[in-house]
Amino acid sequence: SFSNSYKMEETEDKAPPTSDLPSSSFVPDALAGIENSTTTLLQSAQQAFQSFEEQEAKKLQAHQSRMLDISQEIENIKTSGAENSATIAAEESALQKEKEASSGAFKFEKQKVKLDIGGTPFTTSRSTLKSCPESLLAAMFSGRYALIPDKHDGSFFIDRDGRHFHHILNYLRSPSEFEPPNDVASLKHILNDAQFFKVTPMENVIRQALQSL
């Protein structure tokens, strides 16, 4: 009939042509392409992240190494400073001791000494008595021997005729300015004193004076 014929034509008109439909393999191929692209992107991202981590690890290692170097340099400076401080302190201490010893020695050398030569008093300095190193007086007052001064006036007694001892002191004080007396008797007494006290250079001066008379 006409209606049936019309329905069949309408149905046929609405059906799409077979040639316009996608093939049965299109969807799987598309999914595979998407999957491959995703995998490639993930691999690239992982490689980039791994490279970033490696660079950061190297930077961290370099930073830690530098920190260790700085710490070691600080310790070296502290150690060197401590050693230098100890050295400086030791040198200062040694110099201070030397200064004190020198000061004490100077005071000891300039110390006034009272002598009692056979009852005749004399006053001089310890440095004068030590000015002729090989003499008996230098040995007596070098500090190596314990001399006992008189408990009343603090003098040191030497049992010797003191009438000519002032010539000994004058020579010890200034040998170049010493002028021996002109009489033979006095020169002989002075020579005896010079020999007794072992002031050898003075002995030679007195002998020359005797020969010139």
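Me: What is the relative accessible area of D161?
Reply: In this predicted model, D161 forms a salt bridge with R163. Partly exposed residues fall between the limits of 20% and 50%, and D161 is placed in that class. The relative accessible area of D161 is 39%.

Me: How far apart are the closest N and O atoms of D161 and R163?
Reply: Side chains of opposite charge can pair when their charged atoms come close. The limit for a salt bridge is 4 Å, and the pair of D161 and R163 meets it. R163 counts as exposed, at 55% relative accessibility. The closest N and O atoms of the two residues are separated by 2.8 Å.

Me: How many salt bridges does a search of the whole structure find?
Reply: One of them joins D161 and R163, and another joins R160 and D193. R207 and E203 also meet in a salt bridge. For the whole structure, the search gives a total of four.

Me: Which residue forms a salt bridge with R160?
Reply: The closest N and O atoms of this pair are 3.1 Å apart. The pair links distant parts of the chain, 33 residues apart: R160 is in the loop between β3 (156-158) and α5 (165-173), and its partner is in helix α6 (residues 184-196). The partner of R160 is D193.

Me: Is D193 buried or exposed?
Reply: A residue counts as buried under 20% relative accessible area. R160 has 23%, so R160 counts as partly exposed. D193 has a relative accessible area of 5%, and therefore D193 is buried.

Me: In which helix do R207 and E203 both lie?
Reply: The side chains of R207 and E203 meet in a salt bridge, at 3.4 Å from N to O. An α-helix has 3.6 residues a turn, so residues three or four places apart point the same way. R207 and E203 are four residues apart, about one turn of their helix. That helix, spanning residues 200-212, is α7.

Me: What relative accessibility does E203 have?
Reply: R207 counts as partly exposed, at 34% relative accessibility. Its salt-bridge partner E203 counts as buried. The relative accessibility of E203 is 13%.

Me: Within what arc do the buried residues of α7 fall, seen down its axis?
Reply: The buried residues of α7 are M202, E203, I206 and A209. They line one face of the helix, whereas Q208, Q211 and S212 are exposed on the other side. The arc that holds the buried residues of α7 is 125°.

Me: Which helices do the buried residues of α7 pack against?
Reply: α7 has 13 residues and reaches 19 Å from its first C-alpha to its last, close to the 18 Å expected. M202 is one of its buried residues, and M202 is touched by H167, a residue in helix α5. The buried residues of α7 pack against α5 and α6.

Me: What arc do the buried residues of α6 cover around its axis?
Reply: In α6, S186, L187, I190, L191, D193 and A194 are buried. What covers them includes α5 and α7. These residues lie on the same side of α6 because they cover an arc of only 165°.

Me: Which residue after α6 has a positive phi, near 60°?
Reply: A positive value is found here in a residue other than glycine. Its place is in the loop between α6 and α7. At 46% relative accessibility it counts as partly exposed. The residue is K198.

Me: Which element gives the most residues to the largest nonpolar core?
Reply: In soluble globular proteins, nonpolar side chains tend to be buried together. The largest nonpolar core here has 25 residues, and those with the most contacts inside it include L115, F165 and V199. Elements that give two or more residues to this core are β1 (112-117), β3, α5, α6 and α7. With five residues, the element that gives the most is α5.

Me: What is the mean pLDDT of the protein chain?
Reply: Of the residues in the chain, 78% reach a pLDDT of 70 or more. Over residues 2-7 the pLDDT is below 50, and this stretch has zero contacts in the model beyond near neighbours in sequence. The mean pLDDT of the protein chain is 81.

Definitions and conventions:
Residues numbered from 1 in each chain as written. Predicted model: local features only at pLDDT ≥ 70, side-chain atom pairs only at ≥ 80, totals over all residues. Heavy atoms only, no water. Buried < 20%, exposed > 50% of the residue type's maximum accessible area, 1.4 Å probe, protein only. pLDDT = per-residue confidence, 0-100. Contact = heavy atoms within 4.5 Å. Core = buried A, V, L, I, M, F, W, Y, C linked by side-chain atoms within 4.5 Å. Expected span 1.5 Å × (residues − 1). Arc of directions from axis to C-beta.
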